[in-house]
Amino acid sequence: MTHSGSGAFALIYTSEVFFFFFAAFPSCRWTLAFMAFLGFVNVYCLRVNLSVAMVSMVNSSYQAKVNFSDECPGEENSTTPASNEPTGTFNWDSNMQGLVLGAFFYGYITTQLPGGWLAERIGGKLLYGLGILCTSALTLLTPIAADTNVYLFIVLRVFEGIGEGVTFPAMNAILAQWAPPLERSKISTFVFAGAQLGTVVSSPVSGILCKYGFAGGWPSVFYVFGTLGCIWFVFWMLLCYDSPAKHPRISPQERAFIENAIGATTKYKKGYPTPWAKIFTSVPVWAIIVAHFCNNWGYYTLLTCLPTYMMQVLHFDISQNGVLSGMPYFFMWLLMVSGGQIADCLRSRKILSTTRVRKIFTTVGLGLPAIFLVVAGYLGCNTVAAVATVAMAVGFAGIAMSGWGVNHLDLAPPFAGTLLGITNAAATIPGFVGPQVVGALTHDDPSRQQWRKVFFISSAVYCFGLIVYLIFGSGERQYWSTHEYFEENGLLDPPEDEEEQEEDEGRRDDDDLLIFGAQNTIQSE
């Protein structure tokens with residue numbers, strides 16, 4: 001099978017004067033997935049770099065006053081900056097650092113629902129791209145804002161969150177147009193796993209830049225990642241499109257495959273009013289909300305505070321801090337991508353139903369991290385075991401992406417962006433509450449006992465989300481998002497001809513059968 005221009009990574013002049021390709025991907029949908037993946041790499045590089053840079057931004061006189069734990073042995077002068085390490089200028093205590101780290105999420109939560117709703121109506125391409133571009137541009141201003149005033153810096157972080165808040169809902173709206181039902185897990189996990197790889201990249205690179213970078217060390221962190229985000233935006237706008245129907249270089253075979261699988265969603269989507277009452281009274285939707293919230297409590301707590309834990313308790317220097325902080329998210333990236341492949345294999349071969357797949361993967365993805373966090377609280381000063389256990393706690397959470405994480409697309413493809421906006425808005429609350437809880441527990445006493453409480457709280461929250469989803473979760477498409485519901489309520493435009501109507505009826509009879517039929521047709525060509 002060949003695809004005209006598909007799978008290309010290109011520089012394309014908008015007037016189509018020239019472009020060049022390298023054929024790295026077999027289809028346009030996977031080219032889009034790869035660019036979206038790189039987008040989320042940028043998103044999390046922009047979000048996470050402050051967690052590592054914060055260690056260098058706080059000045060040496062303040063660090064001398066920090067209550068470091070003396071329970072674990074460390075290298076000489078591990079609790080104060082060495083003479084060859086960057087020395088920051090900001091006298092921020094733990095509470096102020098928690099406020100700075102959490103400020104991003106105050107803005108992030110405000111654009112979740114509007115982002116998903118808007119993407120379903122105007123398309124997700126521009127919204128996703130502009131969200132990352134705005135965050136990148138503001139990141140370039142971070143050193144100036146921080147040097148000027150801490151509260152100006154906090155305001156800047158809030159606006160970064162506002163820009164980035166549209167990215168996940170907008171992407172779900174795009175995937176509803178591009179991901180065939182039996183490829184939802186593998187495409188979605190591949191795309192969203194960019195967030196984890198971004199964490200892996202950002203942590204060590206930020207640590208190196210803080211120690212050896214230009215412009216005084218830590219400012220280079222924001223200049224480098226902000227610039228990369230702006231460059232990515234250009235390629236995204238030139239290579240990607242809202243739907244297969246709008247893609248100028250997609251092959252007829254691939255477009256037919258995608259539209260046969262999700263054709264009804266693609267065709268009728270823009271006329272749909274959002275059934276808010278149906279959404280907020282849907283038990284499976286609330287199951288996702290709870291699971292998403294609980295997952296993010298543990299994830300965000302570790303994401304923003306793990307570097308601090310390593311510095312205060314395990315006494316790692318700044319370069320080790322970045323590398324070791326990124327290890328758990330590399331493990332998470334691997335498990336998230338592989339989990340998506342396994343989940344779709346189980347569904348496509350009819351080994352397990354969609355509902356069972358979602359519940360099993362959610363159980364593993366929330367249950368194992370809960371167990372590992374409890375274990376981490378009792379490992380003492382065994383740094384290798386501590387890092388490995390926390391890595392497994394964070395890593396296995398990636399498996400849940402093939403559970404509750406893809407479930408929005410199962411329940412209501414036409415409203416996938418709105419659903420993710422709703423659940424991600426609720427799941428953003430831990431982003432600013434979590435660091436505050438950690439600061440309150442460890443400000444005066446950053447001992448292993450206090451950090452154990454942090455781990456136990458996260459473990460309990462994981463377990464609560466697991467139980468709720470296991471009881472109330474579902475993989476079945478909700479009636480209020482089906483063709484029949486829209487037809488009964490007069491929400492569809494009539495088909496243009498009889499042949500088109502017959503095709504629509506066929507699509508509604510058995511989506512899975514159509515997918516296999518389309519796959520067989522393509523493979524036989």
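This is a short walk through one predicted protein model, from its overall make-up to a few individual residues.

Okay, a bit of housekeeping before we look around. The model is predicted, so local features need pLDDT of at least 70 and side-chain atom pairs count only at pLDDT 80 or more, while totals for chains, interfaces and linings use all residues. Residues are numbered from 1 along each chain as its sequence is written, and side-chain values use heavy atoms, with hydrogens and water left out.

Right, the overview. The protein has 23 helices and 2 strands; those are DSSP runs numbered from the N terminus, H or I of at least four residues for a helix, E of at least two for a strand. Of its 525 residues, 61% are buried. Buried here means under 20% relative accessible area, exposed means over 50%, and partly exposed is in between, using a 1.4 Å probe on protein chains only. Now take contacts, meaning heavy atoms within 4.5 Å. Among those with a separation of 6 or more, 83% are between residues 24 or more positions apart.

So much for totals; on to the inside. How many residues are in the largest nonpolar core? There are 127. A nonpolar core, by the way, is a set of buried Ala, Val, Leu, Ile, Met, Phe, Trp, Tyr and Cys residues joined through side-chain atoms within 4.5 Å. Helix α1, residues 28-57, gives the largest share of this core, 18 residues. Domain 1 (25-60 + 90-267) and domain 2 (282-493) each supply at least three residues to this core, with the bounds coming from an automatic or database domain assignment. The residues with the most contacts inside the core are Met57, Tyr128, Met171, Val191, Phe192 and Trp236. If you click on Tyr128 and skip residues up to four places away in sequence, its contacts include Ala36, Gly39, Phe40, Met171 and Trp236.

Next, charges. Side chains of opposite charge can pair when their charged atoms come close. The structure holds 10 salt bridges, each being a side-chain nitrogen of Lys or Arg within 4 Å of a carboxyl oxygen of Asp or Glu. Have a look at Arg47 and Glu164, whose closest N and O atoms are 2.9 Å apart. Arg47 is in helix α1 and Glu164 in helix α7 (residues 150-164), so this pair ties together parts that are 117 residues apart in sequence. Are these two buried or exposed? Buried: Arg47 is at 4% relative accessibility and Glu164 is at 1%.

Then there's the bridge between Glu120 and Arg121, with closest N and O atoms 3.5 Å apart. Glu120 is buried at 4%, whereas Arg121 is partly exposed at 23%.

A third one is Arg347 with Asp344, at 2.8 Å between the closest N and O atoms. Both sit in helix α15 (residues 318-348), 3 residues apart, about one turn of the helix, and both are buried. While we're on bridges, Arg29, Glu183 and Glu254 are joined into one network by salt bridges that share partners.

Back to Arg347, as its side chain also makes a polar contact of 3.1 Å with the side chain of Thr354. A polar contact is a pair of N or O atoms within 3.5 Å; within protein, one must be able to donate a hydrogen and the other to accept it, and residues adjacent in sequence count only if both atoms are side-chain atoms. Thr354 lies in helix α16, residues 354-376, and is buried at 18%. Beyond its neighbours within four places in sequence, Thr354 is in contact with Arg347, Asp410 and Gly475.

Now cysteines. How many disulfides does the structure hold? The count is 0, a disulfide being a pair of cysteine sulfur atoms within 2.5 Å. For Cys230, the closest cysteine sulfur is in Cys134, 9.6 Å away, too far for a bond. Cys294 is in a similar spot: its closest cysteine sulfur, in Cys463, is 9.5 Å away, again too far. Cys230 is partly exposed at 23%, while Cys294 is buried at 2%.

Last stop, two residues with partners far along the chain. Met311, in helix α14 (residues 283-312), is buried at 11%. Its C-alpha is 8.4 Å from that of Val55, 256 residues apart along the chain. Val313, in the loop between α14 and α15, is buried at 0%. Val313 and Trp451 are 138 residues apart in sequence, yet 8.8 Å apart C-alpha to C-alpha.
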